[in-house]
Amino acid sequence: MTSQVSETYKVGDGYKAMLQFKSSENNTQKSNDQNSKSKLSLSDKLKNWSIQGFENHNIRDELNRIMSTSEVFKAKELDISKEANRVLVLKQVLEITRGIFDKGLLQISDLRDDPSKILAFIDIVSQFDDASLMTKLIVNNFLFGAAVFNLGTERHHKLLPDIQAGRLLGCFAMTELGHGSNVRSLETTATYDPKTDEFIIQTPYRTSTKWWIGNAGHAQIASVFARLIMDDGKDHEVHCFLVPIRKSNGFDLLPGVKIGDVGAKFGLHGVDNGWIQFDNVRIPAGNLLDRFGSVENGVYSSPIKNPSRRFANILAQMITGRISISFGSTRTLKSGLIIATRYACKRLQFGPTSTGPEIPILSYPTHQLTIMPMIASTYAFDSIKIYLGKRFQERTDEAEIHVLASGLKAITSQFTTVSLMELRRLCGGHGYGGYSRLGKLTASIDVGRTFEGDNTLLLQQVAKDLLTQFKKEYSGNKFTGTLKYLGKNTSLLLSGMNPITTMRSDDNHLLSFQFLLDCMEFRSSKLLIQSAQTVSKNYKKTKESFTAWNQSLEILIHLAKAHTETIILQKFIEKIQSEKDHELASILKKLCQLYGLYIIREDFEFFRNSNYLKKGKAKAIIKLIGQLCAELSQQAMLLVKGFGNEEYLMNSPLGMEDGDLYENICNQVGGPFTKDNYIQSKL
């Protein structure tokens, strides 16, 4: 757009004076910071707080250097072709693998040695564009590469330097056309041939075609999940095999391999998702990733005799993907909130009089009630991310990590997807524009609810573990780790029904951490008891455990969500109570209060049906949520600045920290309509 047109649509700086909302820091804070460089601004304190345990500034700094200076990371046009987009993302992948992994700043082995490096890596890369880059990097290094590292042995680990540096591109071939969540029923086969000491890889049915395989267009080798069948016909269930699929030129397919494009998608247009079929493809027996099962001298053996436990151990090694989605989803939510919040503080609509100044749309309670709980939830997610990252690094309780990672992936990906749609609405017509970036963010994160475990399935896994622990609790073994609070079931239920507790509605009570925790723990505990009773009742009716479980799914999913939200609140409160900086603790406390009350408000049906909250108390909670939203909205710009997103990666005129909103928008739209927009015969 020409400068003349920009000037025509430019709104003067005068409107900024009407903004009642504080910018990133107030003037007093800026003055204090100038007088004392040692004092951090509140937004910087929030930023540092949110990445505790996975700071790794050397990785962050080098990533920022690469992504801010390399030509392949410059903003691209909205109408770039699918093919050009994929080539561009591939170049970006190679730029990062060579600049980060090949230089030793990060290794695939950090899955074991120092997971905090991986979390820092994801925290930066997930901010770029539509997450195609992050997805492709994770597929190559932390799905395919992780399969080699976690499921293979020393002879396979020799491939890791080339994999992580991008010299050997791979794909993770688990999902099939006919099976996604039910991995144990995959149909691809790997049949052992004792005459040649080889496995024959075969996709025997149309439904066994590998599907949605990321990196399928560029990979030279695949980690293929297939049924290991010995020459005597014995099926040892699903194992993982390394199967070369392309020649060294990275394009020509090897004999027996067919690969194609799965077609158009909602988003992630820079990722080359494809389908793969195998027709009697032979691989050396040594290509079996044999940590949990091997074939030596024609005999199958495994250190884990029970097939179910062996399968569980194979899948457990893939937990990095779920943790990556939780971290990536939260960062994507932050990007959307920054865009919508900055827009809401600059966008003026209506006012007290028809002739007087207009006010920012964030002044309206309806706007505050939508956006501020999202901001509070984001900081709550940060607190649980810190805890999960620490537990992931310690690896002292794999079961707890699995349950927490599964629940958190389901909660964060669902909340982020739904929130982004609301944030688009809050930005009106400008939010619908491609330049807002909200469409890209929504389309890219939505699939996070499906891959690496469908959310409904993951929540069932959480519920199953809770019921298993509940059974142990009453057979002499006590709840451990984050489940300890469930051991207080009886006392919680008794205290919860106390008339004083259910009716008390003063602010001090409702804003206390004790009340918030009691509410959340009461809900989880009661739902746990009710879930156990429901499953038992349905089993007595049907005499089939599968049917009984399915008939109980509604309450089981409710239980899993409630438990995960309880742990999020617990860890948020613990982080605040251990914070020594008064200014930081004060703002986090208000955010925590809003988050807790918001979660309770979202499940009023349960609390009212359980007689835990009387009518007057429920009304008082609604009133307090409104007050907290109004109060915190005055610091909305500061709070989203505290997310710590890299400004050069925001890539949205609605979300730019500086400059005139409308000038920023006009600078990103197209020029005059070209002849290609018209019926050529009429020109």
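How exposed or buried is Arg 167, going by its relative accessibility? In this predicted model, Arg 167 comes out at 45% relative accessibility and so counts as partly exposed. Its side chain meets that of Asp 102 in a salt bridge, with 3.2 Å from N to O. Asp 102 has a relative accessible area of 42%, which makes this residue partly exposed as well. If you trace the chain between the two, you will find that they belong to distant parts of it, 65 residues apart. Asp 102 is in the loop between helix H5 (82–101) and helix H6 (110–113), while Arg 167 is in the loop between helix H10 (160–164) and strand E1 (170–173).

That contact is one of 31 salt bridges found in a search of the whole structure. Another one to look at joins Lys 641 and Glu 657, whose closest N and O atoms are 3.2 Å apart. Here too the pair links distant parts of the chain, with Lys 641 in helix H27 (residues 636–641) and Glu 657 in the loop between H27 and H28, 16 residues apart. Lys 641 is partly exposed at 27%, and Glu 657 is partly exposed at 23%. Both residues also take part in a network of salt bridges that includes Arg 342 and Glu 647.

Now let us turn to helix H13. This helix runs over residues 365–394, and its 30 residues should span 44 Å at 1.5 Å a residue; the end C-alpha atoms are indeed 44 Å apart, so expectation and model agree. Because 24 of its 30 residues are buried, H13 is largely enclosed by the rest of the structure. Towards the end of the helix, the side chains of Glu 394 and Arg 391 meet in a salt bridge of 2.8 Å, N to O. These two are three residues apart in H13, and are therefore separated by about one helical turn. In an α-helix there are 3.6 residues a turn, so residues three or four places apart point the same way. The partners differ in exposure: Glu 394 is partly exposed at 38%, whereas Arg 391, at 11%, counts as buried. Just after H13, Arg 395 takes a positive phi of about 55°.

Aromatic side chains offer another route through the model, which holds 16 aromatic pairs. Phe 121 and Phe 142 make an edge-to-face pair, 6.4 Å centre to centre with 75° between the planes. This pair links helix H7 (residues 115–125), home of Phe 121, with helix H8 (residues 132–151), where Phe 142 lies, 21 residues apart. Phe 121 is buried at 2%, and Phe 142 is buried at 1%. Phe 199 and Phe 241 are also edge-to-face, at 5.0 Å and 65°. Since Phe 199 lies in strand E3 (residues 198–202) and Phe 241 in strand E6 (residues 235–244), their pair ties together parts 42 residues apart in sequence. Phe 199 is buried at 0%, and Phe 241 is buried at 0%. Elsewhere, Trp 49, Tyr 379, Phe 572 and Phe 643 form one aromatic cluster.

Rings meet charges too. Lys 385 lies over the face of Phe 327, 5.0 Å from the ring centre, and the charged end of Lys 571 sits over the ring of Tyr 387, 4.1 Å from its centre.

We finish at the surface, where Phe 673, Tyr 678 and Leu 683 make a nonpolar patch of about 400 Å². Leu 683 lies in the segment after helix H28 (661–666) and, at 58% relative accessibility, counts as exposed.

Key: Residues are numbered from 1 along each chain as its sequence is written. This is a predicted model: local features need pLDDT of at least 70, side-chain atom pairs count only at pLDDT 80 or more; totals for chains, interfaces and linings use all residues. Side-chain values use heavy atoms; hydrogens and water are left out. Rings of Phe, Tyr and Trp (its six-membered ring) pair if their centres lie within 6.5 Å; planes under 30 degrees apart count as stacked, over 60 as edge-to-face and the rest as tilted. Helices (H or I, at least four residues) and strands (E, at least two) are DSSP runs, numbered from the N terminus. Buried means under 20% relative accessible area, exposed over 50%, partly exposed in between (1.4 Å probe, protein chains only). A charge sits over a ring if NZ of Lys or CZ of Arg is within 6 Å of the ring centre and within 35 degrees of the ring normal. Patches are made of residues with over 30% relative accessible area and no salt bridge: like charges are joined within 9 Å, nonpolar side chains (Val, Leu, Ile, Met, Phe, Trp, Tyr) within 5 Å. Accessible areas come from the Shrake-Rupley method with a 1.4 Å probe; for residues, only the protein chains shown count as cover. A salt bridge is a side-chain nitrogen of Lys or Arg within 4 Å of a carboxyl oxygen of Asp or Glu. The expected span of a helix is 1.5 Å times one less than its number of residues.
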